[in-house]
Amino acid sequence: MSARKVLELDRAEVRRARSHAARLGQPVVKLATSHTTVSVERATLRLAGLSGADHERVPWVNHLVDAVRDQVGIEHGVTTPVWDALRRQEAPDLLTLAQKASAGAVTFQIPEAKTELTRARRAAMAAVRPGIRQIDRQRATREKMITRLGDPKQRPWIYLIVATGDIYEDIPQAQAAARGGADIIAVIRSTGQSLLDYVPEGATREGFAGTYATQENFRLMRAALDKVGKELGRYIRLVNYASGLCMPEIATLAGLERLDMMLNDSMYGILFRNINPIRTFVDQRFSRQIHARAGIIINTGEDNYLTTADAVEAAHTVTVSQLMNEYFGKEAGLADWQLGLGHAFEINPDLPDSFRMELAHALLARHLFPDAPLKWMPPTKHMTGDIFKGFMLDGFFNLAGVLTGQSILLVGMMTEAVVTPFLSDRDLALQNVRYVLNAAGGLAEDFRPPRDGFIQTRARHVLGEAIELMDQIHVEPSTHGWAPLLEAIAVGTFGHMKRPADRGKGLEGVAQKAADYDNPATTLLEEGQ
């Protein structure tokens, strides 16, 4: 089925929508490229091989970046003063330098002599390049394993969550889910980790409503899914979260450990975690450059808007966000097949024609982004303690996904609003998905809503509202001198959340780049070296 033929949208209107997204996105990209953050700098040091933490579990990358910031600032990039210090024999290696810096025993500087500056930067480039090469090797390994083991034949891919808080409990649950039919395993991150301005170290067993995202946890789960994938004869994809205050670092660790998908949304952290908008857009661009290099598919978070705003009235804000995520993603180097743009089945089921509207919204997303692996999210907002109604709603959700050609289908649980789902709930949910796929998997071929009927009209209306909103944002006079998109975020345009650009968590970790700013990771990523 081609959604383009089913909806018969005006192509000029679609081009207009993308043109608006580009005009709104360009000032934000300019802002992102003219600033850096502590997390971008820490991610660069991680690519150079710095890992581990002190006895209080504070990572060495945090210590080193903080020491540089205190002495010379991060606006020049941390690698120049760090490798200058190593060249001056302040320490024999990067780890020892970080340890000494944590005790205030290192002096950092920006070399004044051009020869010394050049040598420090060359040394930094040589140190960071192996990290990029490791990401390249992991991407090649994924491609070889997919060729050898094979990909799931059916679409949509079945996406299932594990979230015990204990990585050693997550592993057998993830393997059981794969054996039960899941193609993608998402390890939900521990509550509150997005607001930590550091990445925990090691394997963890004490997460809350999720498991901490750490490099070791990534490694353990990757190995476990590779093992079960060989058993089942298909490659099992692994998902985690590149969001929050450490977005660039987690994206980097994901690339190093061969994760396949990462939750990574342009505005989620701003709207739902009150992270400073400038910090978010700077971190987001770097993280997406890493994802592009690593061959990672991003999952965006438009479904969250519909948990705080009405899914009918705010449907057009989802479309606007999808268009912005597409623009920012492509600008950072992501290909269409890496854009797992999000949308959700969140219309109040008591509304007349609710299912028809869901189909219209899902078809609109498929039409606008025909080559993107759209991520279709199950009902949560209107799930109640009635597990029978919940099971039926999930069945309707699965049917909508099949009818509209969705690519990634997150499995809904009938006890979503009651308890953390039991293993038995997962089995029932997988049965629900399998029944719909088996019984109606090819139904999209026969689905043709009538010309100018309810579904086509609704889809056109939502697209029109999205264009009108973007047009309004673009021409609205600036109150603070911010980019128009930042002004719109500040007044609560998305998800009814008001987030000014001069407030929010993490603002103190942002710096405007100096004229001599240097970051070898950014250079390697942008030049494709």
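Helix α4 covers residues 60-71, and its 12 residues, at 1.5 Å a residue, should span 16 Å, which agrees with the 17 Å that separates its end C-alpha atoms. These values, like those that follow, come from a predicted model. Within α4, the buried residues are W60, V61, N62, H63, L64, V65, A67 and V68, and the elements that cover them include α3 (38-47), α5 (79-87), α6 (94-102) and α10 (247-256). After the helix comes G73, whose phi is positive, near 85 degrees.

A residue remote in sequence also lies beside this helix. Y198 is placed in the loop between β3 and α9, and its C-alpha atom is 8.8 Å from that of V61, although 137 residues separate the two in sequence. When neighbours within four places in sequence are left aside, Y198 is in contact with R42, R57, P59, N62 and C246. Because its relative accessible area is 32%, Y198 counts as partly exposed, the range for that class running from 20% to 50%.

**The sheet**

The model has an open sheet of 9 strands, paired in parallel, in the order β7-β6-β5-β4-β3-β2-β10-β9-β8. Its edges are formed by β7 (339-340) and β8 (342-344), each of which has a single partner strand, so one side of each is left without a neighbour in the sheet. Two of the parallel pairings are set out below, with the bridge partners named for each.

| Strand pair | Bridges | Bridge partners |
|---|---|---|
| β3 (residues 184-187) and β4 | 3 bridges | I185 and L238 |
| β9 (residues 375-377) and β10 (residues 408-410) | 2 bridges | K375 and I408 |

Strand β4 (residues 237-241) is mostly covered, with 5 of its 5 residues buried. The cover extends to both faces of β4, since R237, V239 and Y241 on one side and L238 and N240 on the other are all buried. L238, which is the bridge partner of I185, is also among the residues in contact with R222.

**A buried arginine in α9**

R222 is found in helix α9 (residues 215-232), and because its relative accessibility is 3%, R222 counts as buried. A polar atom of the R222 side chain lies 2.8 Å from the backbone oxygen of I236. Apart from neighbours within four places in sequence, the residues in contact with R222 are Y235, I236, L238, E257, R258 and D260.

**Enclosed space**

Rolling a probe the size of a water molecule over the atoms shows where empty space is left. By this rule, the model holds 3 cavities of 30 Å³ or more, and the largest cavity has a volume of about 130 Å³. This largest cavity is lined by 15 residues, of which A315, V318, T319, H343 and H361 are the closest to its centre.

Which elements each supply at least two residues of the lining of the largest cavity? They are α14 (315-331), β8 and α15 (354-368), and α15 gives the most to this lining, with 5 residues. The strand β8 that takes part in the lining is also one of the two strands that stand at the edges of the sheet.

Technical notes
Residues numbered from 1 in each chain as written. Predicted model: local features only at pLDDT ≥ 70, side-chain atom pairs only at ≥ 80, totals over all residues. Heavy atoms only, no water. Pairing = 2+ DSSP bridges. Helix = DSSP H or I, 4+ residues; strand = E, 2+ residues; numbered from the N terminus. Expected span 1.5 Å × (residues − 1). Buried < 20%, exposed > 50% of the residue type's maximum accessible area, 1.4 Å probe, protein only. Contact = heavy atoms within 4.5 Å. Polar contact = N/O pair within 3.5 Å; in protein donor to acceptor, adjacent residues only side chain to side chain. 1 Å grid on protein atoms, 1.4 Å probe; cavity = no way out; pocket = protein on both sides within 12 Å on 5 of 7 lines; lining within 4 Å. Points joined across faces, edges and corners; volume = space filled by probe spheres on them.
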